[in-house]
Every structure is written in structure tokens, then in C-alpha cells.
Amino acid sequence: MCQVLLLAAQPCYQEGRIFAQATLEEAEVVVLEEEDEEAVATFTTSFCAAEDDDWDDDWNESKPSPNILPRTESETAETGLARGAPRNNSVKMPRSRFPTFIKHGPEVYLLSKQPVKTTEKITIHKGEVGPVWEYPTSSLSCVVADPKKGSKLYGLKSYIEYQVTPNNTNRSVNHRYKHFDWLCERLLIKFGSAIPIPSLPDKQVAGRFEEEFIKMRMERLQNWMNRMCHHPVISNSEVFQLFIACRDEKEWKLGKRKTEKDDVVGIMIFSTVEPPAEDISLLEAEQKVEMFSAGMKVFCILFKALPKEYQKMGKALQNISQVFATSGYEGESILTDPLTEVGKTFEEIASIFAEQPKKDLHYLMETNQEYKGLLGCFPEIISVHKGAIEKAKEGDKLVALNKVTPEEKNTMVNRIGTMSYTFQAEMNHFHNNRIYDYNSVIQLYLQQQVEFHETIAAKLKQALTHFTVQQ
């Protein structure tokens with residue numbers, strides 16, 4: 001006799017029963033042999049503890065938005081049962097947690113006849129460097145801090161909760177990693193065709209409650225939030241403001257449902273853009289895309305850690321001292337004692353050297369990692385623009401075939417101009433931030449390196465005083 005378990009957002013096996021609520025699209029069906037108590041126990045412990053892939057009822061109301069094509073996950077949930085436990089069959093149902101940008105092509109926007117029903121407006125101005133976003137008068141920032149461990153389901157499930165405090169309210173809200181994950185997904189769905197939304201730090205099942213991992217995850221969540229806060233479009237969006245400001249559970253649920261039913265997503269985000277009055281030709285739009293696309297291919301900076309040879313040198317000098325001490329010469333200590341001290345000095349320097357990357361190289365590598373993630377978003381964005389331009393190029397042919405009117409063809413070209421302004425504004429924002437970020441992080445790196453080498457120089461000078469010149 002078998003039991004059929006329907007695994008959803010919040011399952012827990014207790015006294016031979018499964019408590020779960022799920023739609024078919026979100027469920028995973030697992031068939032267990034009744035007598036396989038060991039498999040049941042494995043399932044109960046591992047699945048209920050898988051915090052990152054589990055969703056509360058409060059957060060599990062998400063449905064695919066219009067014009068969104070769900071992306072299926074290829075890997076099963078991190079459970080002992082799904083990872084090859086004997087005598088069971090697992091059937092993985094697709095879950096639409098990470099949809100792609102758009103289901104339809106650029107013509108959905110280019111040939112759209114009905115105005116979008118939204119109060120959202122994204123304004124672009126002409127700046128000194130070209131099209132730029134409209135920036136707020138005061139900058140937004142959020143502090144991610146105070147991680148705390150919580151539990152639910154009578155302690156079967158544990159998680160880490162972070163405190164998020166925006167500077168515009170100074171009122172903290174608490175969020176778990178999966179809440180950041182939800183925000184990242186909604187931003188990707190809404191803005192991903194126009195704005196790069198970098199990924200969150202990687203998920204982890206084993207060791208996610210270790211202090212070092214929590215500290216690193218919090219630092220990277222902080223970096224991600226900094227990136228989102230500094231973007232004038234993202235930081236001013238309803239979904240982002242909901243995330244950083246809403247503390248009332250009822251208001252949160254209403255705001256969450258509204259966000260998930262938003263029709264202005266994917267390619268349709270361009271319908272909310274208010275560009276400068278000056279038109280952009282199809283050729284100019286294409287040239288801008290090609291220029292930035294070529295620039296991205298060469299934008300790659302690699303930094304490597306310096307070789308750590310000080311410890312080897314310290315050991316070698318102390319070995320030389322030991323060898324010399326075996327000579328039996330009465331005055332040998334005049335050389336061997338200083339050599340031993342110098343060897344110890346080099347070992348101290350090796351220890352300082354090992355700790356130094358935490359003060360400088362770490363921040364440089366983290367910045368590199370952030371920009372690697374950002375650059376990984378641009379191929380999709382560039383593809384959206386190239387696809388739209390190719391569609392607009394077919395305008396004359398479509399008119400000749402009576403598939404569109406001349407007026408509709410002109411509308412397509414004008415909307416390509418709107419997309420181009422959006423693209424250029426985002427590119428200018430990207431380059432401006434890149435210059436600032438690398439200026440800051442390399443200055444910090446050099447300042448720390450100066451202090452580092454000054455410390456080494458002082459220790460070497462001290463080691464030198466142990467030696468006297470013998471006549």
C-alpha cells in the first residue's frame with residue numbers, strides 16, 4: 001500500500017499524514033511505500049529544513065503575469081527523498097519561480113494600439129552625456145543588518161531573518177532570503193527588458209546557519225540592495241517601495257497581489273517611458289546598440305592575489321640559523337640569533353599578508369563579481385532591442401503586404417526611438433556608476449596597500465637592528 005504526498009509551500013509529515021496546500025502547478029508529487037519509515041524521516045528533516053526553496057502561505061500566492069513564459073527548474077528540491085532514496089518515485093512539477101522576460105516578441109509593444117492603464121511614468125532627460133534617467137533630489141539607501149535565527153513548525157524549520165532599514169523612513173522591516181528572492185524576481189519580470197537586474201547571492205543548503213556564511217550573505221545582500229537603491233527607476237518603483245517600507249501584514253498582502261497582477265511587464269515597460277521630444281532614427285538606434293554591445297565584450301578586468309612567499313622565506317632563514325648553530329664556533333650566536341629573529345619577522349609578515357586581502361582585495365573582487373553579474377544581464381536586454389529594430393526594419397515590407405498601415409509603421413519607428421532613449425539612459429547610468437565604483441574601490445585598495453607595505457617596512461627595519469657589522 002502506498003501513500004501519495006502532495007508537497008507544496010509548507011509541508012510537514014506528522015503521524016502518518018501530510019499537511020499541505022498547493023495548486024497543481026506548484027506541487028511536487030512523491031509516492032512513498034508505507035513501510036519506508038526511514039525515507040519518510042529523511043524527507044521530513046531535509047525538506048522542512050530547506051529554507052531557501054520553501055515558501056510560506058503569505059508568500060505563495062504568486063501566479064505567472066501576463067506575457068510571461070514560466071521557466072521550469074531542472075533540479076528537484078533539496079530533499080533526501082528526491083536525491084536517490086530507494087523504493088520511491090518522484091515526479092517534479094514545474095514551478096514558475098523564475099520566469100523569463102517576455103513571452104511575446106517586440107511587436108506587442110511596437111504595434112500596441114490600446115494605451116496602457118497605469119499611472120507609472122519613467123522620465124528621460126537630455127543630459128551632458130546624452131539621455132539620462134530623472135534622478136531623485138535625495139538618494140535612497142537601505143541598511144541590511146542584525147541577522148537573527150528564527151524557526152517555525154515547532155522547530156522543524158529554521159531560517160535567518162535580516163533587518164532592512166531605509167533612510168527615507170528610518171523604520172525597519174524584517175525579511176528572509178526568500179523575500180529578497182521574491183523581490184528580485186518581480187523586478188526581473190517588470191524591468192528586465194530594459195534594466196539589468198543582477199542575481200542575488202547564491203543559495204546554500206549546507207552550512208547556511210554558520211556565522212561566516214551569514215556574514216558573507218548579509219554583505220552581498222547589502223551590495224545588491226545598494227545597487228537597487230541607487231537606480232532611480234528601481235528605487236522609485238511600487239514593488240521596491242513595498243518591500244522596504246510595508247510593515248502591516250494586510251497592506252503587504254494587498255500590495256503583493258497587486259504587484260503580481262501587474263500587466264506592465266517585460267517589453268511593455270517601454271510604454272511607460274516619457275522620452276525627450278527629439279526623434280531618433282532607426283539607423284542611430286541600431287548604431288547605439290551595436291556600439292555598446294561591442295564595448296561589453298572587451299569590458300573585463302581580472303585581478304589575482306599576490307604570491308605568498310614570506311612564510312617560505314621565514315622558514316628558510318630559521319633553517320639556515322639552525323644549520324649554522326651546529327658549527328660549534330663560539331661566536332656563532334652573533335649571526336644565528338639575528339637570523340632566527342628575522343625568520344620570525346618574515347613569518348609575522350606572512351600572517352599579516354594572509355589577512356591583508358580581507359582589507360583590500362576582498363572589496364575589489366566583490367566589485368568585480370557585482371559587475372560580472374550586471375554584464376551577464378545585458379545580452380538579454382540587447383537581444384530585446386535588436387529584435388525590435390529588426391521588426392521595425394520590416395515596416396516597408398509589412399506595409400506592402402497590407403499587414404500594417406503607414407501610420408502604424410511610423411508608430412513602430414517612433415517607439416524604437418523611445419526604446420533607444422531608454423537603452424542610452426541605462427547605459428549612461430551603468431557607466432557613471434562603474435566609474436564611481438571602481439574609482440572608490442581602487443582608491444581603497446591602494447590606501448590599504450600603502451599601509452600594508454609601511455607596516456612591513458617597519459618590521460623589516462626592526463629586524464635589521466638585530467645585526468651588527470663584525471670586523
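## The nonpolar core

In this predicted model, the largest nonpolar core comprises 73 residues, and those with the most contacts inside it are F180, L187, F191, M225, F240, I416 and M419. Helix 11, which spans residues 361-393, gives the most to this core, contributing 12 residues. As a general background, nonpolar side chains in soluble globular proteins tend to be buried together.

M225 can serve as an entry point to this core: leaving aside its neighbours within four places in sequence, M225 is in contact with C142, V144, V164, F180, F240, F243 and I244.

## The antiparallel sheet

One open sheet is built from 3 strands in the order 8-9-10, and its pairing is antiparallel. Strand 8 (142-152) and strand 10 (173-176) stand at the edges and have a single partner strand each, so one side of each is left without a neighbour in the sheet. From one strand to the next, the twist averages 35°.

Strand 9 (residues 157-166) pairs with strand 10 over 4 bridges in the antiparallel sense, and Y162 stands opposite H175 in strand 10. Helix 3 lies across strand 8, strand 9 and strand 10, and runs at about 90° to strand 10. Helix 4 (residues 211-229) also packs on the sheet, where it touches strand 8 and strand 9, with a direction that makes about 135° with that of strand 8.

## The two sides of helix 7

Helix 7 (residues 249-260) has 12 residues and reaches 16 Å from its first C-alpha to its last, which is close to the 16 Å expected at 1.5 Å a residue. Within helix 7, the residues W252, G255, K256, T259 and E260 are buried. They are on the same side of helix 7 because they cover an arc of only 130° around the axis.

These buried residues of helix 7 pack against helix 3 (177-191) and helix 6 (238-245), whereas the face of helix 7 turned away from its buried side carries the exposed residues K250, E251, L254 and K258.

## The mixed sheet

Another open sheet consists of 3 strands in the order 7-6-11, with mixed pairing. Its edge strands are strand 7 (130-133) and strand 11 (273-274), each of which pairs on one side only. Strand 6 (residues 122-127) and strand 11 run parallel and are joined by 2 bridges, with T123 standing opposite E274 in strand 11.

Helix 13 (residues 406-464) lies across strand 6, strand 7 and strand 11, and it runs at about 75° to strand 7.

Conventions: Residues numbered from 1 in each chain as written. Predicted model: local features only at pLDDT ≥ 70, side-chain atom pairs only at ≥ 80, totals over all residues. Heavy atoms only, no water. Pairing = 2+ DSSP bridges. Contact = heavy atoms within 4.5 Å. Axes fitted to C-alpha atoms, helices over the stretch in contact; angles between N-to-C directions. Core = buried A, V, L, I, M, F, W, Y, C linked by side-chain atoms within 4.5 Å. Buried < 20%, exposed > 50% of the residue type's maximum accessible area, 1.4 Å probe, protein only. Expected span 1.5 Å × (residues − 1). Arc of directions from axis to C-beta.
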